[in-house]
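Q: Please take a close look at one part of this model, the pairing of its oppositely charged side chains. I should also like the answer to cover the nonpolar residues, the cysteines and the surface.

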Amino acid sequence: MKKQFNLKNFLINYGVIIIMLILVAYTSVVRPNFLRTNNLTNILTNMSYRLVIACGIAGCIITAGCDLSAGRMIGFGSCIAGSLVQRMDYAGKFFPNLEPMNPILVVIITMCITGCFGAVTGFFVAYLSVPPFIATMAMMEIVYGLSLIYTGGSPVGGYDPGFTKIASTKILGLSSLIWIAIAILIITWFIFNMTRHGKYMYAIGGNVQAAEVAGVPVKLTLLLIYMKAAMMYGLAGFMLACKSGGTNINTGLGYEMEAIAACTIGGVSVTGGRGKVSSAIIGVAVFEFLKTALQFLGVTPDAQYIALGIIIFAAISLDIRKYIAKK
């Protein structure tokens, strides 16, 4: 028997996305340059590092957790990356005798350092049963303190041209940052759908007790999820440093909230057990198009925060409502 269309459920599932499409359509009419190639390319570039963040945080959310340390971890990662690629003649160079390092080596170092902090967070969540909210909030403060000590509160600049060239290099008309994000999306999809780790992740999010009974290595899986997420934040910090040409400890501040909201808008459930890589893509796209549309319509940055906050409220509320309805 064909399932009858339910308008109420459709609006609950896709209401925020529908609002975004209406706003984008309206903006493209009153501001014709909104959908021009240059602007769309800029939106995709801004989406690139946010997609990397969302891929990391999605795993935490699927296990019914969260990660409040993402924003500070991104800032720390960007400062580490920036300090390793400064020109020899730069007056504020962090390491006076250090030649600018190869960007590939820099990104590996950055991801390994942030990954270690993520592993510590995962250890507390998995082995000491500390709630993710508390564990990641504590790590957020620790990483921020370490960033202050590392940089002395000073901005990090004076990058070697070979480093900043990464962001400006285009392949098939798209920034290399976009291609990095595409590669991460493919890798994340493979992990989520084609590996035991991915199956374990969904099992833990669905019912952690049942997963333990079924022989899922819950503790190790959780530790790896938070470590992997932190490595993504390090990569995002590296990408932001490339794009901006300079960084400071507040780079990435608040990005964790955007990433959580984006994942939820796209369909990653905060109650655990549900979510896809496509969910992160949809959610990040909704956020970026909404923000850009509001800018084109002349909405002030202060008012934009209010609008985005309302979207977060709506997305989380609708997700909880769907969970209650299923129960």
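A: The account below begins with the salt bridges and then turns to the nonpolar core, two aromatic residues, the cysteines and a surface patch.

The model is predicted, so local features are reported only at pLDDT of at least 70 and side-chain atom pairs only at pLDDT 80 or more, whereas totals for chains, interfaces and linings use all residues. Residues are numbered from 1 along each chain as its sequence is written, and side-chain values rest on heavy atoms, with hydrogens and water left out.

Side chains of opposite charge can pair when their charged atoms come close. Across the whole structure there are five salt bridges, the term being used for a side-chain nitrogen of Lys or Arg within 4 Å of a carboxyl oxygen of Asp or Glu. Arg50, Glu258, Glu288 and Lys291 are joined in a network of such bridges.

Within this network, Glu258 pairs with Arg50 at an N to O distance of 3.0 Å. Glu258 belongs to helix H11 (residues 255–266) and Arg50 to helix H2 (residues 37–62), and the two are 208 residues apart. Helices here are DSSP runs of H or I with at least four residues, strands are runs of E with at least two, and both are numbered from the N terminus. Glu258 and Arg50 are each buried; buried stands for under 20% relative accessible area, exposed for over 50%, and partly exposed for values in between, with a 1.4 Å probe and protein chains only.

Arg50 also forms a salt bridge with Glu288, where the closest N and O atoms are 3.2 Å apart. Glu288 is part of helix H12 (residues 277–296) and Arg50 of helix H2, so this bridge ties together parts that are 238 residues apart in sequence. Glu288, like Arg50, is buried.

Glu258, for its part, forms a salt bridge with Lys291, the closest N and O atoms being 3.1 Å apart. This pair connects helix H11, which holds Glu258, with helix H12, which holds Lys291, across 33 residues. Both of these partners are buried.

The nonpolar residues come next. A nonpolar core is a set of buried Ala, Val, Leu, Ile, Met, Phe, Trp, Tyr and Cys residues joined through side-chain atoms within 4.5 Å. The largest core has 86 residues, and those that touch the most other members are Val52, Ile57, Phe163, Tyr233, Leu235, Phe238 and Ile265. A second, separate core has six residues, including Ala126, Val216, Val218 and Leu222.

For Val52, neighbours within four places in sequence being set aside, the contacts are Ala181, Ile184, Met232, Leu235, Ala236 and Met239; contact denotes heavy atoms within 4.5 Å. Phe163 is located in helix H6 (residues 161–168) and is buried, because its relative accessibility is 1%. With residues up to four places away not counted, Phe163 touches Val85, Pro103, Phe238, Ala241 and Cys242.

Tyr150, in helix H5 (residues 132–151), is partly exposed at 28% relative accessible area. Beyond four places in sequence, Tyr150 is in contact with Phe76, Cys79, Ile80, Ser83, Phe94 and Phe95. One of these partners, Ile80, is 70 residues from Tyr150 in sequence, with 8.5 Å between their C-alpha atoms.

The structure has zero disulfides, a disulfide being a pair of cysteine sulfur atoms within 2.5 Å. For Cys112, the closest cysteine sulfur is that of Cys116, and the distance of 6.8 Å is too far for a bond. Cys112 is partly exposed, with a relative accessible area of 42%, while Cys116 is exposed, at 51%.

On the surface, Val120, Phe123, Phe124, Tyr127, Leu128, Leu220 and Leu224 make up a nonpolar patch with about 590 Å² of accessible area together. Helix H4 (103–127) and helix H10 (218–244) are the elements that each give two or more residues to the patch, and H4 contributes the most, with four residues. Leu224, which is in helix H10, counts as partly exposed because its relative accessibility is 31%. Patch residues have over 30% relative accessible area and no salt bridge; like charges are joined within 9 Å and nonpolar side chains (Val, Leu, Ile, Met, Phe, Trp, Tyr) within 5 Å. Accessible areas follow the Shrake-Rupley method with a 1.4 Å probe, and for residues only the protein chains shown count as cover.
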